[in-house]
Amino acid sequence: MVGFRKIKDINKVIFRNDDVLLSTKGLRMTGSMKTSLRSNTFFGHFKEMDKIFEKYSLLSTLTILADGIEHNPDWIQYIKERKHRFTIELHGYDHRNYIDVSAEEGYVLLKDAKERIEQTFNTKVTRWYPPFSKLGFTDWGPEVCEKLGIGYNNIEGYYTINLHYWNTRDRNNLTTLLQKYYGF
């Protein structure tokens, strides 16, 4: 995670919290995900990360996985009760690498996911942040997003700090950086 010394304006930082509503049903988990579940649930880890954002009065962008909507009613209620602190965006229908999906299938999956997220949270999704972006991006992402009327990935002119709430290292690094920036 990058230090804040590179950030000139804290108001131009997007704190992106990925994999929100991650469901263990049918999930191909990474080693880090499996390790995280030894100490807490995904929702429990999310609440721990959210305490950090709340302490520093920071907004965060939640990238939602639509297939977790039916499995996480408590998590959804938690987000709805604190919705004023979140920007709710699309991460995908499920937690997959969309490089392996055709443009047609991607459109169908993302359209359904966008609609489910908008209905569930009574909000407008404005951007798709694809999972597994470290592995590369789809050729069709920008075109499909344009058809859906949403932006694609990071916002120009903003610095994005990408976090995974379930990753203890990310939570610890975020806390350290914010303590240095804010001095407490």
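The largest pocket here holds about 680 Å³ of space. This is a predicted model, and a second pocket, the second largest, has a volume of about 300 Å³. Let's look at what lines each of them.

**The largest pocket**

- Its lining is made of 29 residues, and the closest to the centre are Asp18, Lys134, Asn162, His164 and Asp170.
- Four elements give two or more residues to this lining: strand E1 (13-20), helix H1 (31-36), strand E6 (159-164) and helix H6 (168-182).
- Strand E6 provides the largest share of the lining, with five residues.
- Sorted by class, the lining of the largest pocket has 12 polar residues, 11 nonpolar ones and six charged ones.

**The second largest pocket**

- Here 17 residues form the lining, and those nearest the centre of the second largest pocket are Asn11, Val13, Ile14, Phe15 and Leu59.
- The elements that supply two or more residues to this lining are E1, strand E2 (60-65) and strand E3 (86-92).
- E1 gives the most to the lining of the second largest pocket, contributing three residues.
- By class, the lining of the second largest pocket has 10 nonpolar, five polar and two charged residues.

**An element to follow in both pockets**

- Strand E1 (13-20) is among the elements giving two or more residues to the lining of the largest pocket, and E1 also appears in the lining of the second largest pocket, with three residues.

Definitions and conventions. Residues are numbered from 1 along each chain as its sequence is written. This is a predicted model: local features need pLDDT of at least 70, side-chain atom pairs count only at pLDDT 80 or more; totals for chains, interfaces and linings use all residues. Side-chain values use heavy atoms; hydrogens and water are left out. On a 1 Å grid over the protein atoms alone, a cavity is a set of points where a 1.4 Å probe fits but cannot get out, and a pocket is an open set with protein on both sides within 12 Å along at least five of seven lines; lining residues have an atom within 4 Å of a point. Grid points are joined across faces, edges and corners, and a volume is the space filled by probe spheres set on the points. Ala, Val, Leu, Ile, Met, Phe, Trp, Tyr, Cys and Pro count as nonpolar, Asp, Glu, Lys and Arg as charged, and the others, Gly among them, as polar.
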